[in-house]
Amino acid sequence: MPTAMTKLDDRALVQMTLAGQSECFGEIVQRHMKTVRARVVSIVRNSPDVDDVVQEVFFKAWRALPTFRADASVRTWLLSIATNEALGLWRRERRQRSYQTSEACDTMASRGEPADKTAMRGEAARVIRGAIVRLPEKYREIVMLRDIEEISEAAAARRLKSTVPTVKTRLFRGRLKLASSLRRSGAQALLDAA
């Protein structure tokens, strides 16, 4: 049967896989592995992640096989899945890098700044982040968008599917709650010193 499978086209292999001959999917994987891997490598670049993404591509293809439309080629379909998976990983890594970078800036000494001042600034940033996390969600979201990500009120309103006056009100109330929380926790002296 393996030699007979190599002579079949991709659409026939898909039909046979859907009919219960799962080994036919193995032939599809073998045929398109190099192409899918090349597409993933062109986007991801980090070799340990490449294998994971390629595996996820074929896993998603296996699960979505019943929805495959015969008007597209299997190769095009697999490359579309590969592109989406690789870009998804790239976006997640980019977000994670930017978050880590902003935290690293809190504890990075500036020229002429004493080490104890740098440590206090880092501790103050940690306390503020902790207080923001404890805010109710509707206030936490807007405080993060406006004060951490520094986006405009209009952009925040669009992202939250809200209005600018609502954003302004929640930002005001969120900042009040944040200040109150910091005063209650006794962190105000730390913030004043930083």
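**Entry 1: the cavity**

I started with the walls of the largest cavity and listed Lys-138, Ile-142, Leu-160, Ser-162, Thr-166, Val-167 and Arg-170 as its lining. Note to self: this is a predicted model.

Next I looked up which elements supply those walls. Helix H7 (137–148) and helix H9 (164–184) are the ones that give two or more residues to the lining. H9 gives the most, with three residues.

How much space lies in the largest cavity? I got about 40 Å³. I also checked the count, and it comes to one cavity of 30 Å³ or more.

Then I sorted the lining by class: three nonpolar, two polar and two charged residues. I put Lys-138 and Arg-170 down as the charged ones, and Ser-162 and Thr-166 as the polar ones. Ile-142, Leu-160 and Val-167 make up the nonpolar share.

**Entry 2: H2 against H3**

I moved on to the helix pair H2 (residues 10–18) and H3 (residues 23–44). At what angle do they pack? I have about 145°, with the axes 8 Å apart. For the handedness, I noted that H2 passes H3 in a left-handed crossing.

Which residues meet there? From H2 I wrote down Asp-10, Leu-13, Val-14, Met-16 and Thr-17. On the H3 side they meet Cys-24, Phe-25, Glu-27, Ile-28, Arg-31 and His-32.

By class, this contact has six nonpolar, two polar and three charged residues. The charged ones I picked out are Asp-10 in H2, plus Glu-27 and Arg-31 in H3. Thr-17 and His-32 go down as polar.

Note on methods: Residues numbered from 1 in each chain as written. Predicted model: local features only at pLDDT ≥ 70, side-chain atom pairs only at ≥ 80, totals over all residues. Heavy atoms only, no water. Axes fitted to C-alpha atoms, helices over the stretch in contact; angles between N-to-C directions. Helix = DSSP H or I, 4+ residues; strand = E, 2+ residues; numbered from the N terminus. Left-handed = near helix turned anticlockwise from the far one by under 90°. Contact = heavy atoms within 4.5 Å. 1 Å grid on protein atoms, 1.4 Å probe; cavity = no way out; pocket = protein on both sides within 12 Å on 5 of 7 lines; lining within 4 Å. Points joined across faces, edges and corners; volume = space filled by probe spheres on them.
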